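Subject: Structure for your review

Dear colleague,

Please find the structure below, together with its sequence. A summary of what was found in it follows.

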Amino acid sequence: MTGDIHIRTTIRTLFRRLAKTGSVFAFLTAFTATAATLTTSLSSDSLTVGDRIEYTVTLTVPKNVTVVPPEIEQDFGILAVKDYREDQVELDRKTKRDTLVYRYMLTTYKVEPCSIPALPYVIVEENIPDTIMTKPVPLRVHSVITADTADLKDLKPQQVAGNRPLIWLWIGLALYVITGFILGAKFHWGKRRWVAPPPPPKPPYEEAIMALKDLETKQYLKQGHVKPFTFGLSDILKRYISRRYDVFAAEYTTGEMLEWLEQAQIEPEPKKKAQWFFKTSDPIKFARYVPDMDTLYTLEKEARNFVEKTRPDLTGRKEANRSDRNQPAQNREPSTEEQSK
């Protein structure tokens, strides 16, 4: 069973080569050299619980191109990857292209409709990442219980003969008394003890700035922990957007986040910074792509700039309060104390 074929290419690389040579022939040669072809195949589209099927992904890419496959622990949903193998065919001298074959042995233990999700493969050419996705493949899962065995009843557990000992009765009564005493004591002393109310939450801007400082003190980049650093930045920025604009940004996927930013009433400059941040951090979090240090420091800088640029402006509110205090008494509404006098 063969799946779809996808062809992707890096547009910026094509136009860069076109600008250097200035010819349509060079543009077509560049397209042939940089195009990536993806083919999927499946041994069977149905399986019984516990059985295994083989899912094969074949990538044909130009030479000197890095391919980052998806994480097998996170990207397959309820399907379990029992075996994984990656093969590389030698370079074709005529086309100067490599063929990479990824084989996944899959199974499931739940009798419910499922599918092989779309898998991202990040192709890095000349330090420019590009993602090519497979299409979801629906699967049919059959139960091991057939109509002939569905009516079988379970065996009864071992039965106890004779009178049960009374020791368990006394133990149960003791536990009942002890539990009642503890609950009564908590109820009695809980009335007398006064619990201070929790402090009000800090404003979104202050909370985000403090979280960025705490992340900086952990020194993830100096220790080489790229993923924890990127996840931390993304969580801080999503929580700030959630509280600042009253949306559920913490639950958004990258696509949903970019769609919300496109429609949000935000200035163009901080909006572009946030869009670049989420597009760049996505392959770092969910693939094996590791950028250079300049890109990582730029991620932190753009996250901080977005928080600074979208900070709520309190100057207008302060000016309104000040003008109200300076208003003449005859034009201002009397306060509660003045009314009582």
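Two strands are taken as paired if DSSP finds at least two bridges between them. The model is a predicted one, and by that rule strand β5 pairs with strand β9 (residues 120–125): 3 bridges join the two, which run antiparallel.

Sheets

The pair just named belongs to an open sheet of 3 strands in the order β5-β9-β10, with antiparallel pairing. At its edges stand β5 (66–68) and β10 (128–133); each has a single partner strand, so one side of each is left without a neighbour in the sheet. On average, neighbouring strands of this sheet are turned by 25 degrees against each other, direction ignored. Within the pairing to β9, valine 67 stands opposite isoleucine 123.

A further open sheet is formed by 3 strands in the order β3-β11-β8, and its pairing is mixed. Here the edges are held by β3 (46–48) and β8 (114–116), and because each has a single partner strand, one side of each lacks a neighbour in the sheet. The twist from one strand to the next averages 40 degrees. Strand β11 (residues 137–142) pairs with β8 in the antiparallel sense over 3 bridges, and isoleucine 116 stands opposite valine 137 of β11. As background, strands of a sheet pair through backbone hydrogen bonds, either parallel or antiparallel.

Helix packing

Two packed helices are described by the angle between their axes and the distance between the axes. The axes of α4 and α6 come within 9 Å and cross at roughly 175 degrees. Angles over 145 degrees count as roughly antiparallel, and α4 and α6 are therefore roughly antiparallel to each other. From α4 the contact involves Pro204, Tyr205, Glu207, Ala208, Ala211, Leu212 and Leu215, while residues of α6 in it include Phe229, Leu233, Ile236 and Tyr240. By class, this contact of α4 with α6 has 10 nonpolar, 1 polar and 4 charged residues.

Leucine 212 deserves a separate word. This residue lies in helix α4 (residues 204–217) and is buried, with a relative accessible area of 1%. Leaving aside neighbours within four places in sequence, leucine 212 is in contact with Leu233, Ile236 and Arg304. Leucine 212 and leucine 237 are 25 residues apart in sequence, and their C-alpha atoms are 9.4 Å apart in space.

Helix α6 (residues 226–245) also meets helix α8 (residues 268–286): their axes come within 9 Å and cross at roughly 140 degrees. That angle makes α6 oblique to α8, and the crossing is left-handed. Among the α6 residues in this contact are Val226, Phe231, Leu237 and Ile241, and α8 contributes Phe277, Phe278, Ser281, Ile284, Lys285 and Phe286. By class, the contact of α6 with α8 has 9 nonpolar, 3 polar and 3 charged residues.

Backbone angles

Most residues other than glycine have a negative phi. Which values does the model give for glutamine 219 and aspartate 246? Glutamine 219 has a positive phi of about 55 degrees although it is not a glycine. Glutamine 219 is found in the loop between α4 and α5 (220–223), and at 40% relative accessibility it counts as partly exposed. For aspartate 246, phi is near 60 degrees, again a positive value in a residue other than glycine. Aspartate 246 sits in the loop between α6 and α7 (254–263) and, at 71% relative accessibility, counts as exposed.

With kind regards

Terms used:
Residues numbered from 1 in each chain as written. Predicted model: local features only at pLDDT ≥ 70, side-chain atom pairs only at ≥ 80, totals over all residues. Heavy atoms only, no water. Helix = DSSP H or I, 4+ residues; strand = E, 2+ residues; numbered from the N terminus. Axes fitted to C-alpha atoms, helices over the stretch in contact; angles between N-to-C directions. Parallel < 35°, antiparallel > 145°, perpendicular 65-115°, else oblique. Left-handed = near helix turned anticlockwise from the far one by under 90°. Contact = heavy atoms within 4.5 Å. Nonpolar A, V, L, I, M, F, W, Y, C, P; charged D, E, K, R; others polar. Buried < 20%, exposed > 50% of the residue type's maximum accessible area, 1.4 Å probe, protein only.
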